[in-house]
Amino acid sequence: MAGSTIDHLISVIVFLGALLVFISLFNQMIQTAILYQRHRYLATKCSDLLDNILLNPGIPADWGKNSTRTLCGFGLQDPEFTQYRLSPFSLMRLLSSSGEKVYYSRTGEWYSNVSWGIGGGYFLLQESECINYSLASKLLGINGTYGFQLAITPTVNVSIVEDKNVASYLRLNITVMGQGSPLAGASVDYLMFWMDSSEPVRNSTRTDSLGFAYLDFNGANGLPRIEVSQNKTAYMFIAKASLGGLHGIGYLSREIVTKAGNIIPFVENYGNGTVGTVLLAHKWGKNDPGPGDSQAALFFNATFYVLPDSFSPIKNVTVEGHVTYGERLDYYPLQIPTSQVGYLVVTYWTGREYGMVVMPWGIGTIGFSVVFGGDPSGQEWVVTDVRQVLVGDIAYQARLALWSLEGYGVVG
Amino acid sequence: MAHITIEYIIMVPVLILQIFLFPLTASLLMNVWVDSRRTLALREAASHIGSTIQQVYFSLNHITVPAGTVTQKLGVPPFIENRPYTGNATLKPVLDPALNSSKVLEITFRLGTIGTAVTTSVVLGQNFEWRESTFVSNSTNACILAEKFVNGTIRLYFGG
């Protein structure tokens, strides 16, 4: 009798154990299946959201270049309304999450930092003019439920560097890369804005099988002789690479900090949709001048070029003047029309030292990237979706990263 | 005698109980899975319809688009777990000053007679109007109808 009772007891225990193992395994399987479905749902949401952002110009449609209009619908499509073509001005107004904000003590304002001197290129927009992440989330109807990050980056990367091995004249090495591979045989149109030439030099070349090309500015082959040693001259070079209808753009501007500092353009506002205001600020890099720094006047020549798709820049606004730190003239306000895209080229000098910086007027004219939104790192599950878009005629990639803000719970 | 009591009075009912316990547990776990699956499928459909409404509105809102009527077919499944679902929308006032002069359309979808319901919100412009209508997923004419008027007002409603 005792033996059969023990049998029963053991069988009950084994059965309970089996039941627990079953519940545990089954539950795990179900959790995996539910998570899979939630992730798939998040992917669909990401795709829909990206299309919503890229296929509507927002309300009002011209919000990108008009500070006085209140944004009540978020979208980045070009107001001309052509499929995945984005507005170069709307992209400029997104509060950058890639660079640290910059404080300019003379205006007492913070500026969104899209680019701080990368290759001599600047784009700093006063924070109050920017569309922030929170407002964009609210206008997209996802505030509190999803986080996102939108990155608009060029599809074709055109990199330009000075060849330091050539000392007697300027040699520029150009590398054209597609998504992970070089663009061999790409046609490269270029513009050389040189301070000793009143008009930019325009010419073209072609990349080799490694996507590489170089240009010697040695006075031969129709190119001027340029010597940059001891900062005795300055230039800004823009190259547009094209292959099979795909266009990419890159630049290099010879920015230096002279004994009297340099000039940094800050975008103050876009006004009422006709002209924007840019401050040409006298700075010493990111800092104000130290005790040993010269506070002498810094002279400048600023020219705004309109850039049509033909890649033939048209001189639009030119100003000359000087700025002096600590006096009333520590920045110079300049007005630029918002009707067309282009770039502002600023040459500055003190004594025999010259430098040059460039600022795009419309993302795309010199191939800047924009990163907008939250930080996906540390999130439990992030989905991304990509669209190929155009900014002007330059190919860009729009990548949206989306994540749920409610942990495992994905809400609609 | 004591052994017989333990065996037949306690152990046998426990074993019989376990026979029911096993499928009950499986059923309970399956219900959790099925509910979650249905809710997610409904959310996916709701989110997609909301997104479509927003895209139709923004497309028509452009100044170059003249007054007229547009029919947009919806790429959502007619059934979820063999059950049709219905949707209703309400235009809500905007309480958040950050949304400026936008309007929010709150769309609620319900799955058959089960009672599973989800809600999605769409932010639209001031010239948007919503006409009271019901979306029926298994209707052959299920769509979104949009009318743009000469004064710029855009009215949307579910068709079918």
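Trainee: What is the strand order of the open sheet of four strands in chain B?

Mentor: The order is β4-β3-β2-β6 (chain B), and the pairing is antiparallel. Please keep in mind that we are looking at a predicted model.

Trainee: Which strands of that sheet are called edge strands?

Mentor: β4 and β6 (134-136) of chain B have that name, as each of them pairs on one side only. From one strand to the next, the twist in this sheet averages 20°.

Trainee: How do you know that β2 and β3 of chain B are a pair?

Mentor: Two strands pair if at least two bridges are found between them. Strand β2 (residues 85-92) and strand β3 (residues 103-111) of chain B are joined by eight bridges, so they satisfy that rule. To see one bridge, look at B:Ala89, whose partner in β3(B) is B:Ile107.

Trainee: Chain A has an open sheet too. What makes β6 and β10 of chain A stand at the edges?

Mentor: That sheet has three strands in the order β6-β7-β10 (chain A), paired antiparallel. β6 (157-162) and β10 (212-217) of chain A each have a single partner strand, so one side of each has no neighbour in the sheet. Strand β7 (residues 170-177) of chain A runs antiparallel to β10(A), with six bridges between them. Here A:Asn173 is found opposite A:Tyr214 of β10(A).

Trainee: Why is β5 of chain A described as largely enclosed by the rest of the structure?

Mentor: Count its residues: seven of the nine in strand β5 (residues 146-154) of chain A are buried, so the description fits.

Trainee: Which strands pair with β5(A)?

Mentor: One is β22 (residues 394-404) of chain A, antiparallel to β5(A) over nine bridges. In that pair, A:Thr153 has A:Gln397 as its bridge partner. Another is β20 (residues 370-373) of chain A, also antiparallel, over four bridges. There, A:Ala151 stands opposite A:Val371.

Trainee: Why is A:Tyr325 called buried or exposed?

Mentor: A residue is buried if 20 or more other C-beta atoms lie within 10 Å of its own. A:Tyr325 has 22 within that distance, so it is buried.

Trainee: Where is A:Tyr325, and which residues is it in contact with?

Mentor: A:Tyr325 lies in the loop between β16 (314-323) and β17 (331-337) of chain A. Leaving aside neighbours within four places in sequence, its contacts are A:Gly261, A:His282, A:Pro289, A:Gln295 and A:Asp330. A:Arg106 is 219 residues away from A:Tyr325 along the chain, yet 9.8 Å separates their C-alpha atoms.

Trainee: Which residues of helix α3 in chain A are buried, and what do they pack against?

Mentor: In α3 (residues 133-140) of chain A, A:Ala136, A:Ser137, A:Lys138 and A:Leu139 are buried. The buried residues of α3(A) pack against β4 (116-124) of chain B. Just after the helix, A:Gly141 takes a positive phi of about 75°.

Trainee: How many residues of chain A are in contact with chain B?

Mentor: There are 38 in chain A, in contact with 43 residues of chain B. On the side of chain A that touches chain B, α1 (2-54) and α3 of chain A each supply at least two residues. The largest share, 21 residues, comes from α1(A). By type, that side of chain A has 20 nonpolar, 13 polar and five charged residues.

How values were computed:
Residues are numbered from 1 along each chain as its sequence is written. Chains are lettered from A and ligands numbered from 1 in the order in which they are written. This is a predicted model: local features need pLDDT of at least 70, side-chain atom pairs count only at pLDDT 80 or more; totals for chains, interfaces and linings use all residues. A residue is buried if 20 or more other C-beta atoms lie within 10 Å of its own, exposed if 12 or fewer, and partly exposed in between; C-beta atoms are placed from the backbone. Two residues are in contact if their C-beta atoms, placed from the backbone, lie within 7 Å. Ala, Val, Leu, Ile, Met, Phe, Trp, Tyr, Cys and Pro count as nonpolar, Asp, Glu, Lys and Arg as charged, and the others, Gly among them, as polar. Axes are lines fitted to C-alpha atoms, for helices over the stretch in contact, and angles run from 0 to 180 degrees between N-to-C directions.
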